[in-house]
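Here is a small set of exercises to work through with the coordinates open beside you. Try each task yourself before reading its solution.

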Number of protein chains: 2
Amino acid sequence: MTGGWLRTGEVADAAGVNVQTLRYYHRRGLLKEPRRSNGGHRLYPPEAVTVLRVIKAAQRLGFTLGEVAELLETASRRHGRPDGGLRARAAAKLAEVERKIADLEAIRRTLTEALDAGCDDLVACAASPRCPLPFSPQPGDGQRSSTVAA
Amino acid sequence: MTGGWLRTGEVADAAGVNVQTLRYYHRRGLLKEPRRSNGGHRLYPPEAVTVLRVIKAAQRLGFTLGEVAELLETASRRHGRPDGGLRARAAAKLAEVERKIADLEAIRRTLTEALDAGCDDLVACAASPRCPLPFSPQPGDGQRSSTVAA
DNA sequence: GGTAAGCCTGTACCTCGGTACCGGATGCAA
DNA sequence: TTGCATCCGGTACCGAGGTACAGGCTTACC
């Protein structure tokens, strides 16, 4: 009944993840160190695969690895009791996602307006009062954009 | 009529940008090297401020610095002639922005569903068929997320 | 001419989420 | 026992968009 222990590569394969990534998650504190073989090789219980899937699912929801680490930690500390903190954090993340959507929609609007106006030369546009592009310095220009990038 | 030349710090201030950032843009090829004083200090024409504003405006539209560099280069090469390339690039960027919005909307849906379902423990959720979170490995899990992050 | 502010180049560092490479040790099967 | 796949820890690197610091020179003002 003591299900087979899995080696690093097996866990990585089962979760669809690179072995290096697994080691990286250890360094980041997302995975706790499993038992070791006599020779020092890691031996994981099958649940480790579930934890990895959970991590990937949370990432797909927009949580950073730091946030995932917190999520896993509070989940294991307050196990089973209501308000494991996930609901509150999910609500906060939802608000964050909605802010990003709003930012991108503003960008979409501006791009659409520029296309409608037939803008075809940035530098010429900067001098034209008919161009809809926002050329004046904006708050937050000097910092990380945090919302937008390619 | 030869308006006053501006020094690095003056250009940076006027455009609301860090002096280091200005130098960084030079390294990236976004700004061409201006004339120098006898002692080697850069002396910018007032138009340099406009170029910086253009760069910041393009960034706000979601263009990367690499894309901005291209935009500025083609703008200066095909100056004034129709199809400076901005329209096509803006259209492509618009499509990109719309993809990102769609991705974020999918995330928003999933977060909302998880909140509605009352999910409060990721690890427990992973075992429950009632949980709406996508725990199975997804294509693209092993790579750069490119769309989502905090 | 003195002094302070500003500028010069070069280099290092930051975040985020990994990925890659190294030399050496281990595990497992034939 | 031999051979090969795998794993170990450590370290370095990617890209994007900057920021910071060090050590030395220039410019501007009084």
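**Exercise 1: cysteines.** Determine how many disulfides the structure holds over all chains, and check the count against the sulfur distances.

*Solution.* Bear in mind that this is a predicted model.
Step 1. A disulfide is a covalent bond between the sulfur atoms of two cysteines, and the cut-off for the search is 2.5 Å.
Step 2. Take A:Cys131: the closest cysteine sulfur belongs to A:Cys125 and lies 3.4 Å away, which is too far for a bond.
Step 3. Turn to B:Cys125, whose closest cysteine sulfur is that of B:Cys131, at 3.3 Å, again too far for a bond.
Step 4. Add the surroundings: A:Cys131 is buried at 11% relative accessibility, and B:Cys125 is buried at 8%.
Result: the structure has zero disulfides over all chains.

**Exercise 2: aromatic pairs.** Find how many aromatic pairs there are over all chains, and work out their geometry.

*Solution.*
Step 1. The count over all chains is two aromatic pairs.
Step 2. In chain A, the ring centres of A:Tyr24 and A:Tyr25 are 6.2 Å apart and the planes meet at 45 degrees, so this pair is tilted. The class follows because an angle of under 30 degrees would count as stacked and one of over 60 as edge-to-face.
Step 3. Compare the two residues by accessibility: A:Tyr24 is partly exposed at 32%, while A:Tyr25 is buried at 2%.
Step 4. In chain B, B:Tyr24 and B:Tyr25 have ring centres 6.2 Å apart and planes at 45 degrees, so they too form a tilted pair.
Step 5. For accessibility, B:Tyr24 comes out at 33%, partly exposed, and B:Tyr25 at 2%, buried.

**Exercise 3: a charge over a ring.** Identify which residue lies over the face of A:Trp5, then look at B:Trp5.

*Solution.*
Step 1. Over the face of A:Trp5 you will find A:Arg35, 4.8 Å from the ring centre.
Step 2. Over the face of B:Trp5 sits B:Arg35, at 4.8 Å from the ring centre.

**Exercise 4: salt bridges within a chain.** Follow the side chain of A:Glu33 to its salt-bridge partners, A:Arg36 and A:Arg42.

*Solution.*
Step 1. With A:Arg36, A:Glu33 makes a salt bridge at 3.2 Å from N to O.
Step 2. With A:Arg42, A:Glu33 makes a salt bridge whose closest N and O atoms are 3.1 Å apart.
Step 3. Now for accessibility: A:Glu33 is partly exposed at 45%, A:Arg36 is partly exposed at 38%, and A:Arg42 is buried at 16%.
Step 4. For an example in chain B, B:Glu96 and B:Lys93 meet in a salt bridge at 3.0 Å, N to O.
Step 5. Over all chains, the structure holds 14 salt bridges.

**Exercise 5: the interface.** Describe the contact of chain B with chain A, from its extent down to its polar pairs.

*Solution.*
Step 1. Begin with the residues: 63 of chain B are in contact with 62 of chain A.
Step 2. Next comes area: the two chains bury about 5300 Å² between them, with 69% of it on carbon and sulfur atoms.
Step 3. Two salt bridges are counted between chain B and chain A. Among them is the one from A:Asp120 to B:Arg87, where the closest N and O atoms are 4.0 Å apart.
Step 4. Finally, 10 residue pairs are in polar contact across this interface, with both residues at pLDDT 80 or more.

Definitions and conventions
Residues are numbered from 1 along each chain as its sequence is written. Chains are lettered from A and ligands numbered from 1 in the order in which they are written. This is a predicted model: local features need pLDDT of at least 70, side-chain atom pairs count only at pLDDT 80 or more; totals for chains, interfaces and linings use all residues. Side-chain values use heavy atoms; hydrogens and water are left out. Rings of Phe, Tyr and Trp (its six-membered ring) pair if their centres lie within 6.5 Å; planes under 30 degrees apart count as stacked, over 60 as edge-to-face and the rest as tilted. Buried means under 20% relative accessible area, exposed over 50%, partly exposed in between (1.4 Å probe, protein chains only). A charge sits over a ring if NZ of Lys or CZ of Arg is within 6 Å of the ring centre and within 35 degrees of the ring normal. Contact means heavy atoms within 4.5 Å. Buried area is the accessible area (1.4 Å probe) that two parts lose on being put together, summed over both. A polar contact is a pair of N or O atoms within 3.5 Å; within protein, one must be able to donate a hydrogen and the other to accept it, and residues adjacent in sequence count only if both atoms are side-chain atoms.
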